[in-house]
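Subject: A structure for you to explore

Hello,

Here is the structure I promised to pass on to you. Have a look at it first, and then read my notes below with the model open beside you.

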Amino acid sequence: YGVPPRRISIARPGVDRPRLAPAPVNPPLILSVGILHPRKGHDLLIRALALLRDLDWSAVIVGNPGDRAHAAALARQLAESPVRDRVTLAGLVDARRLERLETLKQELQSQHSVQVGIKVLDVTHYDDVFTVFKAFQQEFGTIDRIIVNAGVGDGRRIGKGNFEVNRATAETNFISALAQCEAAVEIFRAQNKGHLVVISSM
């Protein structure tokens, strides 16, 4: 936005200590929500989880394949990972990409014997956020961790006639994140346990 770094300061908000029970169910479920893009670090998450294969857990990654090549690379990375049977790439937003994802799903399942799940989620459709989160809860029984990592980086300089672009960016990165947090904590309260991780895209 053209603001000199020396004029920017960060005010860290205070937060209450979590009151939810820290003990997970067995096995813990890690849910990471974020666009499939190099800057989101899903490849790092997969590598990190591979170091924890002696522990009992499962994970689901949900997000729009904003970078098509990177999303395919993630799928292939996961197929070659020693924890491929415990991590599900459920990412999809645009229904028009279903055919390509189904093709990739068939490739991964046939060549690597991995489980691949596909769900539709656009985090700017707030009702869908609650529906998809609850669908995962019903599918897995319990969700132990949810990582809110969805966002876009399409911000423009202020005062240059780009209000609609900046508004859409703010809604995706803040309001959509709020919807995901609401949906997650609603599930955690019903379970009386769970861990929420929020990665800012602001």
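**What I found**

Take the contacts in the protein between residues at least 6 apart in sequence: 78% of them join residues at least 24 apart. Please keep in mind as you read that this is a predicted model.

Here is the overall layout. The protein has 5 helices and 5 strands, and along the sequence they follow the pattern β-α-β-α-β-α-α-β-α-β. Of its 202 residues, 39% count as buried.

**Helix 1**

Which residues of helix 1 (residues 42-50) are buried? They are H42, D43, L45, I46, L49 and A50. These residues lie on the same side of helix 1, because they cover an arc of only 160° around the axis. As for their neighbours, the buried residues of helix 1 pack against strand 1, strand 2, helix 2 (68-79) and strand 3 (87-89).

**Helix 4**

Next, please find helix 4, which runs over residues 126-140. Helix 4 has 15 residues and reaches 22 Å from its first C-alpha to its last, close to the 21 Å expected at 1.5 Å a residue.

Try colouring this helix by burial. V129, V132, F133 and F136 are buried in helix 4. Why do they sit on the same side of helix 4? They cover an arc of only 100° around the axis, so they share that side. On the other side of helix 4 you will find D127, T131 and Q138, which are exposed.

What covers the buried residues of helix 4? The cover includes strand 1 (29-33), strand 2 (58-62), strand 4 (145-148) and helix 5. Just after helix 4 comes G141, which takes a positive phi of about 90°.

**Where helix 4 meets helix 5**

Helix 5 spans residues 163-191, and its axis comes within 9 Å of the axis of helix 4. The two axes cross at roughly 35°, and the crossing is right-handed. From helix 4, the residues in this contact are Y126, V129, F130, F133, K134 and Q137. From helix 5, they include E171, I175, A179, A183 and I187. The residues of this contact divide into 9 nonpolar, 4 polar and 4 charged. Two names to notice are V129 and F133: both are buried in helix 4, and both belong to the contact with helix 5.

**Three single residues to look up**

- A170 is found in helix 5. A170 has a relative accessible area of 34%, so it is partly exposed. Its C-alpha atom is separated by 9.0 Å from that of G151, and the two residues are 19 residues apart along the chain.
- G2 is in the segment before strand 1. Is G2 buried or exposed? With a relative accessible area of 61%, G2 is exposed, because exposed means over 50%. The C-alpha atoms of G2 and R156 are separated by 9.4 Å, although these residues are 154 residues apart along the chain.
- N192 is in the loop between helix 5 and strand 5 (195-198). Phi of N192 is near 65°, a positive value in a residue other than glycine.

A good place to start is helix 4, with its buried residues V129, V132, F133 and F136 and its exposed ones D127, T131 and Q138.

Happy exploring!

Methods
Residues numbered from 1 in each chain as written. Predicted model: local features only at pLDDT ≥ 70, side-chain atom pairs only at ≥ 80, totals over all residues. Heavy atoms only, no water. Axes fitted to C-alpha atoms, helices over the stretch in contact; angles between N-to-C directions. Helix = DSSP H or I, 4+ residues; strand = E, 2+ residues; numbered from the N terminus. Left-handed = near helix turned anticlockwise from the far one by under 90°. Contact = heavy atoms within 4.5 Å. Nonpolar A, V, L, I, M, F, W, Y, C, P; charged D, E, K, R; others polar. Expected span 1.5 Å × (residues − 1). Buried < 20%, exposed > 50% of the residue type's maximum accessible area, 1.4 Å probe, protein only. Arc of directions from axis to C-beta.
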